[in-house]
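User: I would like to go through this model with you, one question at a time. Please explain how you reach each answer.

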Amino acid sequence: MNNSDYKKNFVIASIIFLIFLVLSIIAFIILRHDDTNARYRDRCEDFDQGWTLVTPKGEEDPLLPVKVTTRQNETVTLKKTLPDSIPENYAIMTRNYHQIFEARIDGDLVFSFPNIGWNRTGNIISDEWLLIDLIPEYAGKEIEFSFTNSSMFNFTGYIGAFHYGDNNSVMQHIRSEAVLPFGMGVNMGIIGVLLIIISIIYRKHTNQAPNTAMGAALFFFGMWLTNRAKLPLFSTESNAVYLTSVMGLLMVSPCLFIYAYYRNEEYRKISLRGAQLCFAADVFIVASCFFIPYNIEVLAMACYFMACTALVWNGYLLYSGAYGKSSRNHSSIEILLDKTEFFSNMLFPVASILEVLLYHNMLWTEASLPFRIGALLYSWIYMVFVLWRTFLVVKDRSLVTQRLQESQLELMMGQIQPHFIFNTLSSIRTLIMVDPQIAYNMVYDFSNYLRANVDNVTNLDGIEFASEVSHIKSYVNIEKVRFGDRLDMEYDIQVDNFKVPPLSIQPLVENAIKHGIFQKPSGGTVWLRSYEEEDFNVIEVEDNGVGFNADNASRIFANTDTQGPAMESVKVLASAMDDVMKNLTLLDKDGNPIVLSEPSEKVVNLSGNGSEKHKSTGMLNIFLRLREIGHAQIEIYSKEGEGTKMRVLFPKENTIN
């Protein structure tokens, strides 16, 4: 993905989010001033007066809604005499809160929930809106609702409000009250999806794993909040939708710990353990639902506790990143983002505390409007910051592209140093008198060599490896004429129809010749091989020269100073060097590992200038370009006094454009 693609995708993502945000605000304004309740109020009324509640402790006249404590398999009933006149198509609607529900008219069963076979989805009973149809013949008769606690715990038995009126009016009234919290849940879920899409678009060049994890967490939590709104879009007589939302709620805490795992490298082990523990608890809860009579209060309480624990942990990590010692290694913009994200992250725990204090009667069964606002506000803030960070990455990627182009130019200039040109021309001048045919061939190779360098100065799109091999042969032919029998070159090219970054493999061959073979008085051999593996096209450059000793290895491979107020452009180099160091094997002449020390002069620039520094900075250039342009893995094996082998693995599925 080039820089223009980054800018294009960023603009598209920003426009989509802004449109989504504007539409959400407009929808909330419309819903806030919606007069649906008023329009249907004349055909729908509350039905909460005149009930008699019968419990094992006796009878009372409750004020609905009410929470009644019951034991497992204990039943409470509500009784009331229906109006003397019931029009056609009238009904009573109520929300069942996870109890076994039955409705009787003068002792005859007319409605039950759940239906037969509900336990096929486990012991958890959903909480659905129940519509009990009435007929004129029921007028003046006694209606009785029974609620049976199927849970093994005592803190259940919430009985909600009742609504009475014609079917359509009652349904529209409930929908008008539920549409706002429903829309907030959908809004949060869509933001989660957008985060996942953005993380997929930018995953190749930036660390998008935290955004993927947070996107999944927001999606799952939005799915739960959407279900909690209980918007009666259609009648549901099974637990499928409800149980799906429960599974989503269970996944929130593991996703949050995974977010922490990728967000902060210093505490990765703790974050990973947290994710593993939460996931293990989720598996236990899901498995036990099939033989333990849980209810939603238990599940929601456990899920909320795990999610809040993960959020507090994330808050601590964000605080340490914004105010702790590690903040000294961050740029001012990164610190600002971390600080703001820390405060927005703490909206969740604060909203949870308010939920407990203000809505304890509905705790674990509902999500209040303030809690939804806090959750949605956090998701919006996080989305804005993701776009902000993406903008910074897109902006800084242009610096990376510029740096790659500059390094390619400097690499070319380092290859065609004045003394190389003078020596080659001097050799040609001598050969014209001694062997004109060899001089003719050398002029041809030299012109091809120069043309390849000049043509590829600004080429970041890659060239066929066959072209790179041709360039290598031109260079090697020149060196063989100059140095004769001290240099032997062997080729084993089994595959050459894949792309590589220009001026990337030839410098490896040049390095093997100059710093491997020519440092050895007797000379030696360089092997260039290419072959296929299952997932990679592999190029090997091997020599039997002097290998790396401790000094030149430290100068080239010791970690460069990549800390400080820098972002993507410097981190790209650090990441490239990390990849190399993971696959680096250096041995001394006795076969013992070489311990790298800090070089006397730390290399922080990326461009070689033909001086002695070119040995180290030139190699960094190559590693950077192989990884950044070619997405390649680099493996290096060297033993002092015996030679060096470099393997470059180009993924087949991640080819250069």
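Analyst: Before we start, pLDDT is the predictor's confidence in each residue, from 0 to 100, and the model shown here is a predicted one.

User: What is the mean pLDDT of the protein chain?

Analyst: Of the residues in the protein chain, 73% reach a pLDDT of 70 or more. There are also stretches where confidence stays under 50, including residues 559–569, for which the model has 30 contacts beyond four places in sequence, and residues 599–616, for which it has 39 such contacts. For the protein chain, the mean pLDDT is 76.

User: Which helix gives the most residues to the largest nonpolar core?

Analyst: The largest nonpolar core holds 53 residues, and Met188, Leu195, Met214, Phe221 and Phe348 have the most contacts inside it. At least two residues each come from several helices, among them H3 (167–201), H4 (209–229), H5 (240–263) and H10 (369–415). With 11 residues, the helix that gives the most to this core is H5.

User: How many residues does the other core, apart from this one, have?

Analyst: This other core lies apart from the largest one and includes Tyr449, Ile513, Phe557 and Val648. Its size is 46 residues.

User: Is leucine 354 buried, partly exposed or exposed?

Analyst: Leucine 354 is found in helix H9, and together with Val350, Ile353, Val356, Leu357 and Leu358 it forms a nonpolar patch on the surface, with about 560 Å² of accessible area together. Buried means under 20% relative accessible area and exposed means over 50%. Because its relative accessibility is 40%, leucine 354 counts as partly exposed.

Definitions and conventions
Residues are numbered from 1 along each chain as its sequence is written. This is a predicted model: local features need pLDDT of at least 70, side-chain atom pairs count only at pLDDT 80 or more; totals for chains, interfaces and linings use all residues. Side-chain values use heavy atoms; hydrogens and water are left out. A nonpolar core is a set of buried Ala, Val, Leu, Ile, Met, Phe, Trp, Tyr and Cys residues joined through side-chain atoms within 4.5 Å. Buried means under 20% relative accessible area, exposed over 50%, partly exposed in between (1.4 Å probe, protein chains only). Helices (H or I, at least four residues) and strands (E, at least two) are DSSP runs, numbered from the N terminus. Contact means heavy atoms within 4.5 Å. Patches are made of residues with over 30% relative accessible area and no salt bridge: like charges are joined within 9 Å, nonpolar side chains (Val, Leu, Ile, Met, Phe, Trp, Tyr) within 5 Å. Accessible areas come from the Shrake-Rupley method with a 1.4 Å probe; for residues, only the protein chains shown count as cover. A salt bridge is a side-chain nitrogen of Lys or Arg within 4 Å of a carboxyl oxygen of Asp or Glu.
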